[in-house]
Amino acid sequence: MTTLSVLVDLMRQAGENKNTTGKQKKEWVIKKMKEVLNLPDVVEELIAELIDLLVDVDGHKIVINPAVKKHFINIKGLCC
């Protein structure tokens with residue numbers, strides 16, 4: 001399982017919770033990615049920054065940043 005597929009899976013899981021804001025979902029995804037990857041603190045901060053760039057908040061949803069999706073990732077229908 002790739003890191004990107006883990007990110008997408010976590011985004012989908014976060015999207016199932018209708019009682020949280022998009023920002024809360026994004027923070028949860030970052031927290032869970034840190035747990036899943038089990039990296040040193042310094043690297044965890046880099047991962048958090050990277051996820052922050054990759055994931056946008058759209059109302060109560062979290063989505064892959066449209067600019068990143070358009071130029072680098074060939075994933076269709078990603079929203080949570």
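## Four helices, two strands and a shared core

Residues 24 or more positions apart account for 46% of the contacts in this protein that have a separation of 6 or more, where a contact means heavy atoms within 4.5 Å. You're looking at a predicted model, in which local features need pLDDT of at least 70 and side-chain atom pairs count only at pLDDT 80 or more, while totals for chains, interfaces and linings use all residues. Residues are numbered from 1 along each chain as its sequence is written, and side-chain values use heavy atoms, with hydrogens and water left out.

**Overall layout**

- The protein has four helices and two strands; these are DSSP runs numbered from the N terminus, with helices (H or I) of at least four residues and strands (E) of at least two.
- Following the sequence, you'll meet them in the order α-α-α-β-β-α.
- Out of 80 residues, 35% count as buried (under 20% relative accessible area, with exposed over 50% and partly exposed in between, using a 1.4 Å probe and protein chains only).
- About 5,400 Å² of the protein is exposed, and carbon and sulfur atoms supply 56% of that; such areas come from the Shrake-Rupley method with a 1.4 Å probe, and for residues only the protein chains shown count as cover.

**The nonpolar core**

- In soluble globular proteins, nonpolar side chains tend to be buried together.
- The largest nonpolar core here has 16 residues, and Leu7, Met11, Val29, Met33, Ile51, Val55 and Ile62 touch the most other members. Such a core is a set of buried Ala, Val, Leu, Ile, Met, Phe, Trp, Tyr and Cys residues joined through side-chain atoms within 4.5 Å.
- Two or more residues of this core come from each of helix 1 (3–15), helix 2 (22–37), helix 3 (41–54) and strand 2 (61–64).
- Helix 1 is the top contributor, giving five residues.
- Leaving out residues up to four places away in sequence, Val29 touches Leu7, Leu10, Met11, Ala14 and Ile62.

**How the helices pack**

- The axes of helix 1 and helix 2 come within 9 Å and cross at roughly 140°. Axes are lines fitted to C-alpha atoms, for helices over the stretch in contact, with angles from 0 to 180 degrees between N-to-C directions.
- That crossing makes helix 1 oblique to helix 2 (under 35 degrees is roughly parallel, over 145 roughly antiparallel, 65 to 115 roughly perpendicular, and the rest oblique).
- The crossing of helix 1 and helix 2 is right-handed, meaning the near helix is turned clockwise from the far one by less than a right angle; anticlockwise would be left-handed.
- Among the residues that meet here are Leu7, Leu10 and Met11 in helix 1 and Trp28, Val29 and Met33 in helix 2.
- The axes of helix 2 and helix 3 come within 10 Å and cross at roughly 140°, and this crossing is right-handed.
- Lys26, Ile30, Met33, Lys34 and Leu37 of helix 2 make the contact with Glu44, Glu45, Ile47, Ala48, Ile51 and Asp52 of helix 3.

**A look at Lys69**

- Lys69 sits in helix 4 (residues 66–72) and is partly exposed, with a relative accessible area of 25%.
- The C-alpha atoms of Lys69 and Val55 are 9.8 Å apart, and the two residues are 14 residues apart along the chain.
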